[in-house]
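Here are my notes for anyone opening this one for the first time. Have a look at the model, then read the points in order.

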Amino acid sequence: SIDLCREAIALDPALSIARAYLATIMVQGVQYGWIKSTSQLWTEAMNLAESSVRLDPRSSFAFAILSYVHAMQGNYEAAMEAAKRAVKLNPYDMGARGVLGIAHLVIGEHRQAIELFSTAVQRGNSDPRYKWAALNAFSHYLVGQYDASLSWAREALYLNPNHLQVLAVRAAALAQLGRAEEAAKAAQVLLGNF
C-alpha cells in the first residue's frame with residue numbers, strides 16, 4: 001500500500017488523497033507494530049498531511065489525518081482546529097467525527113469524545129482505520145463508567161480478540177468493579193498476548 005501511494009504521488013504530485021492515505025498508512029503501520037516509529041516517519045506523515053490539505057482544502061479526509069497526526073504529536077490546539085474543519089467540510093464523514101472525538105480525548109474532554117465515538121459507531125462506520133469500540137471502552141473507563149467500558153471492550157474484542165489496549169482496559173475495568181478473580185484472569189490473558 002505504501003508503495004502504491006508513493007507511485008501515485010510520483011505520477012501526480014498534486015493528488016491530495018494519495019498523500020492523505022500514505023500518511024494514514026504510515027501512522028497506522030506504527031500503531032499496529034508493522035512499521036518502526038521514528039521521528040523521520042512522523043515528520044514525513046505531518047508533511048504529507050499538510051501538503052494534502054494545501055492541495056485540497058475541501059477534503060474532510062485530509063483535515064482528519066492532519067488532526068490525527070497533530071493529536072499524536074501533542075499539538076492539541078492544531079488537532080482540534082483541523083478536526084473541526086474536517087467535520088465542517090463534511091458533517092456526514094463519521095471518520096472526521098471520530099477524529100474530532102480523538103482530539104477531545106487527548107485534551108481530557110472524555111464525555112465529548114464518547115459522544116463523537118458513539119455517533120461514529122452508530123452510523124455504521126466500519127472503516128477499518130478506526131477503532132471506535134476500543135476508543136469508547138477507553139473513554140468510558142476514564143470517566144469511571146466501568147460497566148460501559150466492559151461492554152465496549154467486549155465489542156472491540158469481537159473484532160480483534162488480541163487488541164492489547166482493549167485487553168488492558170478490560171482487566172482494569174474488572175478490577176475497578178471489584179471483580180478480582182475475573183480481573184486476574186483478564187490480566188493473564190493480556191500478559192499472554194503481550
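**The largest pocket, and what surrounds it**

1. Let's start with empty space: the largest pocket holds about 820 Å³. Keep in mind that this is a predicted model. Its lining takes in 26 residues, and Gln31, Tyr68, Lys131, His163 and Gln165 lie nearest the centre of the pocket.

2. What sort of residues line the largest pocket? The lining splits into 17 nonpolar, 7 polar and 2 charged residues. As for where they come from, H2, H4, H6, H8 and H10 each put in at least two residues of that lining.

3. His163 deserves a closer look, being one of the residues nearest the centre of the largest pocket. You'll find His163 in the loop between H9 and H10. Is His163 buried or exposed? His163 counts as buried because its relative accessible area is 15%, and the cut-off for buried is under 20%. If you skip the neighbours within four places in sequence, His163 is in contact with Ala134 and Leu157.

4. Ala134 brings us to helix H8, where it is one of the buried residues. H8 runs over residues 132–142 and is mostly covered, with 9 of its 11 residues buried. Besides Ala134, the buried residues of H8 include Trp132, Leu135, Asn136, His140 and Tyr141. What covers the buried residues of H8? The cover includes helix H6 (94–106), helix H7 (110–122), helix H9 (146–159) and helix H10 (164–176). Just after H8, look for Gly144, which takes a positive phi of about 80°.

5. Now step back to the whole chain. It has 11 helices and 0 strands, so to speak an α pattern repeated from one end to the other. In overall extent, the C-alpha trace spans about 55 × 30 × 30 Å along its principal axes. With 194 residues, a compact globule would have a radius of gyration near 16 Å, and the chain's 18 Å agrees with that.

6. How much of the chain is buried? Buried residues account for 46% of the 194 residues. On contacts, take those between residues at least 6 apart in sequence: 51% of them join residues at least 24 apart.

7. Next, the nonpolar interior. The largest nonpolar core has 44 residues, and Ile65, Leu66, Val69 and Phe117 have the most contacts inside it. Helix H1 (2–11), helix H2 (16–31), H3, helix H4 (60–72), helix H5 (76–89), H6, H7 and H8 each supply at least two residues of this core. Which helix gives the most? That is H4, with 9 residues.

8. Ile65 is a good place to zoom in. Setting aside neighbours within four places in sequence, Ile65 is in contact with Ala20, Ala23, Thr24 and Ala49. There is also a second, separate core of 19 residues, with Trp152, Ala153, Leu167 and Leu174 among them.

9. Last, a residue of helix H3 (residues 39–55): Glu50. Glu50 is partly exposed because its relative accessible area is 31%, and partly exposed covers values between the 20% and 50% cut-offs. Glu50 and Phe63 sit 13 residues apart in sequence, and their C-alpha atoms are 8.4 Å apart in space.

Note on methods:
Residues numbered from 1 in each chain as written. Predicted model: local features only at pLDDT ≥ 70, side-chain atom pairs only at ≥ 80, totals over all residues. Heavy atoms only, no water. Helix = DSSP H or I, 4+ residues; strand = E, 2+ residues; numbered from the N terminus. Buried < 20%, exposed > 50% of the residue type's maximum accessible area, 1.4 Å probe, protein only. Contact = heavy atoms within 4.5 Å. Core = buried A, V, L, I, M, F, W, Y, C linked by side-chain atoms within 4.5 Å. 1 Å grid on protein atoms, 1.4 Å probe; cavity = no way out; pocket = protein on both sides within 12 Å on 5 of 7 lines; lining within 4 Å. Points joined across faces, edges and corners; volume = space filled by probe spheres on them. Nonpolar A, V, L, I, M, F, W, Y, C, P; charged D, E, K, R; others polar. Rg over C-alpha atoms; globule rule 2.2 N^0.38 Å.
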